[in-house]
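I opened this notebook to record what I looked up on metal coordination and charged side-chain pairs.

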Amino acid sequence: MSLKAIIYDLDGVITDTAKYHYESWKWVAEQLDFVLTEKQNQKLKGVGRKECLDKLLKWSGARISEAEKQNLLQKKNKMYLKYIDTMTPNEIFPNFKEFNTLAKSEGIKVAIGSSSRNAIRIIDKLDLVLDFQAIVDGGMTPHSKPEPDIFLLAAEKLNCKPAECLVIEDSQAGLLAAKKAGMKSISFGEDKGLKGAQLQIKNWSFADLDKLKHLFDKS
Ligand code: BG6
Ligand code: MG
């Protein structure tokens with residue numbers, strides 16, 4: 001088996017949106033009378049919007065009606081989109097574009113597999129729409145990460161088998177989703193606590209395409 005496709009997570013792999021999510025979820029936490037820590041915010045990475053609110057409700061012990069939940073979700077997203085709408089291509093992580101261009105020049109197919117329902121809007125703000133052959137977001141599949149649906153749909157759109165795909169992820173939910181999809185994975189970033197990846201890459205300047213290809217040598 002050889003490496004035929006790379007499926008990138010978006011948030012935390014191509015750009016840093018976690019800080020914007022954090023600001024918006026902190027406001028929601030305040031409404032629930034508790035303070036959201038950075039450590040708790042880490043646990044929201046890769047997790048779908050509704051499931052994030054469920055976690056906040058669990059941590060706060062608050063009980064609210066379904067209508068109140070919908071209201072908070074709407075307000076959270078409105079606040080988040082205000083940050084997103086200020087984004088420019090300057091917020092693409094350094095060296096990502098170079099790596100992606102090299103991968104494509106070697107015939108590797110590339111896709112985005114993101115839990116975010118705002119993925120296309122973010123990719124558009126970063127002016128990256130034409131850089132991928134497929135984009136799958138959290139609104140396109142029945143289940144979000146840690147379920148494998150998003151990555152499996154991305155592989156299908158690229159016409160590749162799961163075993164030919166490599167996922168690049170910064171969240172535990174995403175690495176679990178890759179495993180469930182039967183795909184190899186790379187953990188991206190400095191978090192040493194992430195489990196299940198074949199390799200860790202601190203940032204795009206450390207991404208060595210040949211090394212990633214070798215992960216498929218013995219499979
Ligand atoms: C993921 C983020 O990519 O998308 C999560 O890592 C976020 O933190 C999830 O909760 C859903 O995002 P959105 O944009 O649909 O609220
Ligand atoms: Mg992520």
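The entries below concern a predicted model.

**Entry 1: the magnesium site.** I looked up the protein donors of the magnesium ion (ligand 2) and found D9 (OD), D11 (O) and D170 (OD), at 2.0 to 2.1 Å from the ion. I noted their spacing in sequence as D-x1-D-x158-D. D9 sits in the loop between β1 (5-8) and α1 (18-31), and D170 in the loop between β4 (165-169) and α8 (172-181), so this pair ties together parts that are 161 residues apart in sequence. I then checked accessibility: D9 is buried at 5%, and D170 is buried at 10%.

**Entry 2: D9 again.** I counted 11 salt bridges. One of them joins D9 to K145, with 3.0 Å between the closest N and O atoms. K145 belongs to the loop between β3 (134-136) and α7 (149-158) and D9 to the loop between β1 and α1, so the contact links parts 136 residues apart in sequence. I recorded both D9 and K145 as buried. I also found D9, K145 and E169 linked in a network of salt bridges.

**Entry 3: a pair within one helix.** I examined E23 and K26, whose side chains form a salt bridge at 3.4 Å, N to O. Both residues lie in helix α1, three residues apart, about one turn of the helix. E23 is partly exposed at 35%, and K26 is partly exposed at 27%.

**Entry 4: E106 and K213.** I recorded a salt bridge of 2.3 Å, N to O, between these side chains. E106 is in the loop between α5 (96-105) and β2 (109-113) and K213 in helix α9 (residues 209-214), so the pair ties together parts 107 residues apart in sequence. E106 is partly exposed at 38% relative accessibility, and K213 is partly exposed at 27%.

Definitions and conventions. Residues are numbered from 1 along each chain as its sequence is written. Chains are lettered from A and ligands numbered from 1 in the order in which they are written. This is a predicted model: local features need pLDDT of at least 70, side-chain atom pairs count only at pLDDT 80 or more; totals for chains, interfaces and linings use all residues. Side-chain values use heavy atoms; hydrogens and water are left out. Donors are N, O and S atoms within 2.8 Å of the metal (3.2 Å for Na, K and Ca); water is not among the atoms, so sites may look incomplete. Helices (H or I, at least four residues) and strands (E, at least two) are DSSP runs, numbered from the N terminus. Buried means under 20% relative accessible area, exposed over 50%, partly exposed in between (1.4 Å probe, protein chains only). A salt bridge is a side-chain nitrogen of Lys or Arg within 4 Å of a carboxyl oxygen of Asp or Glu.
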